[in-house]
Amino acid sequence: MNEHFELYIVDDDVSSEKWQKLYRLLVSYLGAFGKFEITFTCHDNVVRYFVSCNKDLGSLSNSLDGILLRPAN
């Protein structure tokens with residue numbers, strides 16, 4: 001997987017509906033056979049989420065309420 005994005009949660013409340021919306025949006029954007037991976041790290045009580053896939057997801061960030069996608073370094 002070539003593209004890596006950090007997922008930022010900007011709302012205090014992240015419901016299962018928001019996670020499902022993210023999942024549906026990724027599947028819709030990447031296609032039925034597209035692959036993506038969501039991973040997380042926890043270091044010093046800081047949880048970080050990352051999304052990896054074969055396409056640039058930068059434009060999807062505008063379609064998500066309370067979640068931002070930014071390229072990971």
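Hi everyone, let's start at a turn: Asn-45 is exposed, at a relative accessible area of 78%. By exposed I mean over 50% relative accessible area, while buried is under 20% and partly exposed is in between, using a 1.4 Å probe and protein chains only. Before going on, please keep in mind that this is a predicted model, where local features need pLDDT of at least 70, side-chain atom pairs count only at pLDDT 80 or more, and totals for chains, interfaces and linings use all residues. Residues are numbered from 1 along each chain as its sequence is written, and side-chain values use heavy atoms, with hydrogens and water left out.

Back to our turn. Asn-45 is found in the loop between strand 2 and strand 3, and Asp-44 is in that loop too. When I say strand or helix, I mean a DSSP run, numbered from the N terminus: H or I over at least four residues for a helix, E over at least two for a strand. Asp-44 is exposed as well, with a relative accessible area of 66%.

What is the phi of these two residues? For Asp-44 phi is positive, about 55 degrees, although the residue is not a glycine. For Asn-45 phi is near 60 degrees, again a positive value in a residue other than glycine. As background, most residues other than glycine have a negative phi.

Now follow the chain out of the turn on both sides. Strand 2 covers residues 36-43 and strand 3 covers residues 46-53, and the two pair in the antiparallel sense over eight bridges. Pairing here requires that DSSP finds at least two bridges between the strands. Together strand 2 and strand 3 make a hairpin, with two residues between them. One of the bridges links Cys-42 to Val-47 in strand 3.

Strand 3 has another partner. Five bridges join strand 1 to strand 3, and these run antiparallel; Glu-3, for example, has Cys-53 in strand 3 as its bridge partner. Strand 1 is also joined to strand 4 by five bridges, antiparallel once more. There, Glu-6 stands opposite Arg-70 in strand 4.

We have now met two cysteines, Cys-42 and Cys-53. Which of them is buried and which is exposed? Cys-42 is exposed, at a relative accessible area of 52%, whereas Cys-53 counts as buried at 0% relative accessibility. How many disulfides does a search of the whole structure find? The search finds zero, where a disulfide would be a pair of cysteine sulfur atoms within 2.5 Å.

Let's move inside. The largest nonpolar core has 12 residues, among them Phe-5, Leu-22, Val-51, Cys-53 and Ile-67. A nonpolar core is a set of buried Ala, Val, Leu, Ile, Met, Phe, Trp, Tyr and Cys residues joined through side-chain atoms within 4.5 Å. The elements giving two or more residues to this core are strand 1 (3-9), helix 1 (16-30), strand 3 and strand 4 (67-71). Helix 1 gives the most, with three residues. If you look at Leu-22 and leave aside its neighbours within four places in sequence, you will find Leu-7, Ile-38 and Leu-64 in contact with Leu-22, contact meaning heavy atoms within 4.5 Å.

Next, the aromatic rings. A search of the whole structure finds three aromatic pairs. One of them is Phe-40 with Tyr-49, a tilted pair at 6.3 Å centre to centre and 45 degrees between the planes. The rule is that rings of Phe, Tyr and Trp (its six-membered ring) pair if their centres lie within 6.5 Å, with planes under 30 degrees apart counted as stacked, over 60 as edge-to-face and the rest as tilted. Phe-40 counts as exposed at 58% relative accessibility, while Tyr-49 is partly exposed at 23%. Trp-19 joins Phe-40 and Tyr-49 in one aromatic cluster.

I'll finish with two loop residues. Asp-65 lies in the loop between strand 3 and strand 4 and counts as exposed, at 56% relative accessibility. Leaving aside neighbours within four places in sequence, Asp-65 is in contact with Asp-11 and Lys-18. Asp-12 is in the loop between strand 1 and helix 1, and with a relative accessible area of 88% Asp-12 is exposed too. From Asp-12 to Gly-34 the separation is 22 residues in sequence and 30 Å in space, C-alpha to C-alpha. Thanks for listening!
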